[in-house]
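This report introduces a protein to a reader who has not met it before. It turns first to salt bridges and then to the overall fold.

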Amino acid sequence: MNIRKSILIRVYLAFGLMVFGALLVFGKLLHVQYVDGDKWQTIADSLTIKERVVEAARGNIYSNDGSLLATSVPEYTIRFDAMAIPEENSDVFQSRVDSLAARLSQFFGDKSARQYLTQLKEARAKGQRYMLLKRNVSHQDLKELKTFPLLKTFKEGRSRFSGGLIAVQENKRILPFTNLAARTIGYRNEEYRVGLEGAFGDYIEGKSGMQMMQRIAGGVWVPVSREVEIAPVDGSDIIATIDVNMQDMAQRALEKQLIQSNADNGCVILMEVETGEIRAIANFTKDTDGVYREKFNYAIAQGADPGSTFKLASYLAALDDGYVDTTTVIDIGNGTYKVPSHTIRDSHAPKKSRVSVQEAFEESSNVAVTKMIHTHYGNNPGKFINKLHSWGLNKPLGLQIPGEGDPWVKTPESRSWSKLSLIQMAYGYEMKLTPLQTLTLYNAVANDGKMIAPLFVKEIRNLGNTVERFEARVINKQIASEEAIDKMQGMMRSVMTNGTGKRLRSPLYNAAGKTGTAQMADGSRGYGARRYQSSFAGYFPAEKPKYSMIVVIRNPRNGYYGGSVAGPVFKELADMVYANDLSLHAKFETRKVNSKGDKTPHTLVGSKEASAKVYAWMGLQVNDWAALTRPVKDSAQRSTNAFTETQFTEGVVPSVLGMGLMDAIYAMENAGFKTSVKGKGRVVSQSLLAGQKLTAGSKVLLELN
């Protein structure tokens, strides 16, 4: 055999062995894939492990008064490990599964005990280790479930068995006050960041933990261990500036007026003057079903022509530049002012043709303000615009929450600038400001010229410790001279005493403000549709302002003047805040009290002991207890005592005539009678005769008037 032939034989042999080996490998692959595929897939699944993110509990949001505005509560998905008890102890499982089925049926009420029993036994037969029992289970319910048979750890003889309960925690965000300031509280998801939740999400969310998960047969992932490998770190708490009581007052007052005026939408903002802290902010939109709901934050996002509330800026600029004084006279003629291609008109015919600057501001004269601005700034409109810009009206406020609308104050360099622009701007047109941006200017006047940015969050805390504290950011230390600010404050007070806001005046305190009525453009139809925005902005108390406020109501159909549409919301909210904020009143110790008891306030019939405590706390001396209540008669026409004792005999009907509802129910319930009520006020009649002995639990109707 020659060398060439020997080499070829060896090559062919080697190649043949390689082909044969390849065929063996290919055959084995086919066998694994199609013959033993299910077996190896199960093994692969059981060996597959991954990390699962364990969500941290989001931090709480608290109001300024400590009330809980938003919080996270744990919810659990409950699963059952049907193989927690080994197969060799199946008798233990069988002896307890009936009890578990009965308890689950009774507890959840969604299936019969037989259905649960069938489901549990099938899970055991199939070797399921992650059987779903219930979703969205509360923490309190979870504690109860941990006491159920087979779910809890237990001993049987000398053997100890682990419970089959598997609880996977998820956190659910809730608002305890439901829709109270809901838009300001906001939310955060992958697409949007809204309100406090969106702006401070990095603080609130905390740090997620990690748990190892194992994939078992059927593609179901189960925890490797019942404990998490890396524990989550809960988020920090946010202390908001919102006051729950003031917020509730604001929403009720706004909604009531929106319904009465049949408007499209509206908003109200209440701000603390010195600190810039927002105490209340409410927004309502008329939904398709006619119900007003909080769907959009108009207060911070809706830019529009402010209308007559902007006249404050025009007058303040002229006062600060020394062009006019409050006594400067302006000739308004018959209430019309002709300018190129346009005529400016006052909403009402003037009482006289020549008015002072203060009188013009009181009556919100369009003619007066346009004449004043056109006369003094017509040849140099940039000076007027620069004044507005120096106050920061052309820049966003830089709020702590997202969504602020960009302001727009036209300049002579603007492409749309015309001969009418300066005149229109004088009374609040050809510009865009949000309600909050307008309020910030008014707040600066109330704050003696110091303009500060509104504040929504005052503090961030973690585990009770302050992480970061926020204080008012100064936008402009002094927007105008002290003299100009003082004159502007006086003019705003006079609006409430002599001008368009005099119907809103309170006998208890003085307020300062300005009405506003602006015609809204309606797309291509322009101003022809006669849609209006009614507003009122101001502050109170006028002498030492603590709160500033703006109300804006858009497209009201029952009236449209700011004083009659937006003004009532301002007055109602200001009245309620004044009544509830004791710091606005003189200190109680400095008030004159009736220490001699000559004129003691009357009271309803009730407990003498309780009334005595109230009078003592008020510093009032009582000389004649019997004279403190109105004379009343019971059903037998017998005179009743002014006060009753707090002890009652069970089964004997007490007399509750003349009492208030709480005292009356207390007396009847303590005597053993079930009470129903009709009317309100004080009790004027009772269906059961006083002094009767009746079976405890008898029903009695109380009528109040």
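Which residue forms a salt bridge with aspartate 320? The partner is lysine 387, and the closest N and O atoms are 2.7 Å apart. Aspartate 320 belongs to helix α11 (residues 311-320) and lysine 387 to helix α14 (residues 381-390), so the bridge ties together parts that are 67 residues apart in sequence. Lysine 387 is buried, with a relative accessible area of 14%, whereas aspartate 320 counts as partly exposed at 22%. The model described here is predicted.

A search of the whole structure finds 28 salt bridges. Three of them are listed below.

| Acidic residue | Basic residue | N to O distance |
|---|---|---|
| Aspartate 264 | Arginine 531 | 3.7 Å |
| Aspartate 289 | Arginine 293 | 3.0 Å |
| Aspartate 320 | Lysine 387 | 2.7 Å |

The pair of aspartate 264 and arginine 531 links distant parts of the chain, 267 residues apart. Aspartate 264 sits in the loop between α9 (244-261) and β13 (265-272), and arginine 531 in strand β27 (residues 531-540). Aspartate 264 is partly exposed, with a relative accessible area of 21%; arginine 531 is likewise partly exposed, at 23%.

In the bridge between aspartate 289 and arginine 293, aspartate 289 is partly exposed at 47% relative accessibility, and arginine 293 is partly exposed at 34%. Elsewhere, a network of salt bridges links Arg58, Arg173, Glu197 and Glu205.

As for the whole protein, its secondary structure comprises 21 helices and 33 strands. Of its 705 residues, 45% count as buried. Among contacts between residues at least 6 apart in sequence, 68% join residues at least 24 apart. The protein exposes about 36,700 Å², of which carbon and sulfur atoms supply 50%.

Notes:
Residues numbered from 1 in each chain as written. Predicted model: local features only at pLDDT ≥ 70, side-chain atom pairs only at ≥ 80, totals over all residues. Heavy atoms only, no water. Helix = DSSP H or I, 4+ residues; strand = E, 2+ residues; numbered from the N terminus. Buried < 20%, exposed > 50% of the residue type's maximum accessible area, 1.4 Å probe, protein only. Contact = heavy atoms within 4.5 Å. Areas by Shrake-Rupley, 256 points an atom, 1.4 Å probe, with all protein chains shown as cover. Salt bridge = Lys/Arg side-chain N within 4 Å of Asp/Glu carboxyl O.
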